[in-house]
Amino acid sequence: TTGSCAHIHVLPPGFVVSSCRSRIFWMKLNKLLLQGKFFQLEINDPSAGPILLDEKLASRCGYVLSEDVWGNPVFRASVLGCHVANEADELFSLTVNIKVSSFASMRAAVTYTYPMYCSYSSWASREIVCEDNYMEVSVKTDVPAVSNDYTVAWMSALPETQNVAYQQWQLMFVSPSGRKRITVSDAAKLGYSFNNTLSRVYLRAPYHSNESDSSVVSGVTMNMVTSTSMYRQRWLLLLIDTTVSCPVDGISFTDTTLTWTVPSVIPTLVVQESTFLSKDIFMGIDDRVIVNPEQNNYLLEHNETHIRITIPIGAEGGKLKSSVSGGVYGVIYSIDLFLEHTWTDAGWQTTKYTVIKSITTPFMPQIPMVINNTLPEERLFNVAFGHFLPDVSLVAIAIGNVPFTLREAQRQGFKIYETPFSNRTKGFILEVPFDDPYVLKEYVNRNETKYTLLVNYTISVGTEMMLYYHSAEVECVIADVELPEAVGFCDEENLYLAIPTSGLHRYWNLYLGNKLLNRHVVLTSGYLAATNSTHLILQIPLFAVGVIYEEVSFQKIKARFDVALRKVRTTETLQMFSVSCSFNSSAFIICHPDGTVTVSAQMKTVPAIDMSKTRLRDSSCKPMEYNEGHAFFKFHVTTCGTSVRFEGDHIIYENEISFEKETLPEQGEPTITRDPDYRLTVLCYYRAKETIVLGAFTGDPSMPPPFGSGMMVPRSNTAVQRRVRRALNVVSRVSKDESFVEFYEPNVAILKRAAEPVFLEVELKDESPDAELYLENCWVTGSLDFNSTPRWNITVDG
C-alpha cells in the first residue's frame, strides 16, 4: 500500500477578493500581504492539473494579469476562457492556485487554492469583450427564423463553403491582404482561440495580428478581425459571423481632465445602420457599475457618433501617484474604467459590447511651491514647502549647503513638521531662527540686515522611493542695526571725535577722504587713537593732515575734521562725523588745497620791528592784518613772487617774508640802520598727484612733510639745485571757446580785445614714464620770436 498527504493552506483573511462582473471573473490580491514576497498564479484544470499562467497563455485563453491603480495584483478571466467549467452556459467555475514564496525561484512556496464561481444566463445574441490583451466575440448558435435578408458580405462567403471539409470547423479571415482559410488548430498556433459551448460559438483574437485591420471610426482607431466561422455536414452548412472590432486609442488629456471616447456605431459590427438602436450605456470603475456618474463629478455623454466619459484628474476611484522624471517632480493619475453598451439592429437582434480600459495620464510636472511665512518680529524663518501627495516624504535638508538628516536638523534647533493642505495634499514646514550660524547675514541699506536662508530639500517620492531635490532661497530684510552717533569736542590744540565701536569693521569702516582710517594712517598722520569698552577716541592736532580750515583770520582759525562712515563691502558713505572748533593761534602757515596760503608770522626780533612793514618777495604783497607781534598774509602760490620746484613726488612752493629796513643817510658810506634783519622763508609742499587732504605745521618736522603742508624756516644761503632740462614734445593750442572743441589753426594771428579770456591747451606728447607736464610761465608775443617784446603774461610761476 502507498499513502499520500495533502497540505491545505487556509487563505489569510483579506488576502483575496473576487467578483463576477459582466461575465468576467474578477480577482484581486492584497498587496500588503504580499510585501517582500513573490507570487505566481496557476490555472487548476480539473483533468489536466495546474497550468502556470504566462503572457502567451493569457491572451489566447482569455486571462488578464495586471495591477490596479493601488498596486494590488488583479486577475480577470472570461467565463468562456480556457479551463473554465461550464454548466449549460449558465454556471461557470474556475479554480486558481496562488503560490507565494519568499524567494524569486519560488522554492518553498505556499500554495493557496481559490475557486471562483460565476452565474450568467442573460446572454445577448452577440457579446463582444475588448480586454487589455485580447478581443472576444461570442455568438448564439440557435437556428434563426427564415429570412431573405442576406448581405453582400454573407453571400461572398458561400463559394468558400464548397471547399469546407465535412464535420470540421474552419475559419475564414478577410483582411486587406486577401482571404485566408485555416483550420481551428492552425488558428490556435497564430494565437487565436475558437470553440463552442452548448449554445454559442466564440472567437478570441490578439490585437494587431496579421489577419487584423485598423480603421478610424469617428476619430477613434479600431482594430478589427473580420472572420466567418464555417461548419459543414452532409445536410447542414453553418456560417457564423465572428467579426470583432475594439478601440485601441480614444484617450485624450487636459491639465485637469482625462477623456475616453468610444464610437457609438461601429460599421463592421452593425449590418444596417438605419436599424441601429442604442439601448443601455453603463460606465464602471474596477468591477463596479457607477449608477449616478454625475454625483462623483464623472461625465458620461453619448450622441449618434460618440460615447464619451470625462473624469477629473484626481477624482475618486482613481489614484494620483507622485513621480520624478528628468529631475522634475510631478504626478501621474491612473484609473481602471469599463464601458458597457447594448444595442439592437436588424442583423443581430441584441449586441452587448464591453470595453475594459486601464488609463494612465502622461507625467504631469508639478513644480513644488515654497511659501514664505517668515515672522520678522520673532526673527524666525517659517517656510512651507508643498503641495505633495501622501506618497512623498521629506528625508533630508541642507541649510546653507550644509546637509542634515531630519534628526540632525532637529538637534541643530530647526523645527520640521508636516502640515495638511487642500485636496488631500500635504506640505512640510521648516522653521529656522535668523541668528542660526547657517543663515547668511548681510548688512544692507543704512540700518538693515538681510537674512538669507538657503535650503535644499531632499524628498523621497512614491513607492519606488525616487529622490527629488528642490532648492529654495528665502530672504528677509529687517531694520535691526543701530547707526552709531559720534561726539566731537576740542581742547586748545586738538580736535577729538568719539565714535561707538559697536559694528565697526563688521558693518562699517571709518574713512579719511578716500583712505581707510587704519592704524598706519593714524600713526603717519600724527593722530592719537584710544579705545575703551564702547568708543574709539581720535585725537587730531590742529595742524595735522586732514584738518579742513573753514576760516583763517588774524584773530582765529576755524578748523573742522571729517570722518566718513562707510559700508564695509560697498564703501557706500552712510554718515559723516564732523567736529568743528575755533582756535587762537599765534604763528602758523596753512597751505590750502586751492593753492591759497595763509601765514601768521610772529615777530621774534630784538629790538622789535614794525610788522606792518613786512613784505613778500613781491613787495606789493603786504600783510592783510597786523599788530605788534604778528603779521597776517594771504596769497596764492601763483602770485607774490612765489617760486616752484620739484622734489620727488612733491611740488614745493617757496616765498619769503622780509622786513623793509629804514636807513639814515650820512655824508657818504656806510649807511646806518636801527632795524634788525628779519627774513622768514615760507614753504608749501603739495603731493604732485593728490589734491584732497591738507595739513599745516608750525615748525620744521623731523619727517618728510606730507603734501599740502607748509613750513616756515630761516633763510638759507644754500643754492637751490637746478633741474636738468631736456627737449620734450609739447604741443599747445588755443580753443575758440570754453568747450575745447574748435581750435585756431597754428601760426595764425589771433585778435583778442582787452580782458577777453584766452582758452589755452597744452599737451605733453612725450611717452617717457618719468616725464610730467607742469605749466610755469606762459605768455603772448606779437611775433613768432619767443624773446620778442612786448610780452603779455598768461601764467607766471605756474
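Reader: Leaving aside neighbours within four places in sequence, which residues is T374 in contact with?
Author: In this predicted model, T374 lies in the loop between β30 (369-372) and β31 (380-388). Leaving aside its neighbours within four places in sequence, T374 is in contact with L380, F381, N382, F434, V474 and C476.

Reader: Is T374 buried or exposed?
Author: Buried means under 20% relative accessible area. T374 has a relative accessible area of 14%, so this residue counts as buried.

Reader: Which side chain does T374 join in a polar contact of 2.4 Å?
Author: T374 follows β30 (369-372), in the loop that leads to β31. The polar contact of 2.4 Å links the side chain of T374 to that of N372.

Reader: Which strands stand at the edges of the open sheet that contains β30 and β31?
Author: Four strands make up this open sheet, in the order β30-β31-β35-β34, with antiparallel pairing. Two of them have a single partner strand each, so one side of each is left without a neighbour in the sheet; these edge strands are β30 and β34 (415-420).

Reader: What is the bridge partner of M369 in β31?
Author: β30 and β31 pair in the antiparallel sense over four bridges. The partner of M369 in β31 is G386.

Reader: How far apart in space are C130 and F338, C-alpha to C-alpha?
Author: C130 is found in strand β10 (residues 126-130) and is buried, at 1% relative accessibility. In sequence, C130 and F338 are 208 residues apart. From C-alpha to C-alpha, their separation in space is 9.6 Å.

Methods:
Residues are numbered from 1 along each chain as its sequence is written. This is a predicted model: local features need pLDDT of at least 70, side-chain atom pairs count only at pLDDT 80 or more; totals for chains, interfaces and linings use all residues. Side-chain values use heavy atoms; hydrogens and water are left out. Helices (H or I, at least four residues) and strands (E, at least two) are DSSP runs, numbered from the N terminus. Buried means under 20% relative accessible area, exposed over 50%, partly exposed in between (1.4 Å probe, protein chains only). A polar contact is a pair of N or O atoms within 3.5 Å; within protein, one must be able to donate a hydrogen and the other to accept it, and residues adjacent in sequence count only if both atoms are side-chain atoms. Contact means heavy atoms within 4.5 Å. Two strands pair if DSSP finds at least two bridges between them.
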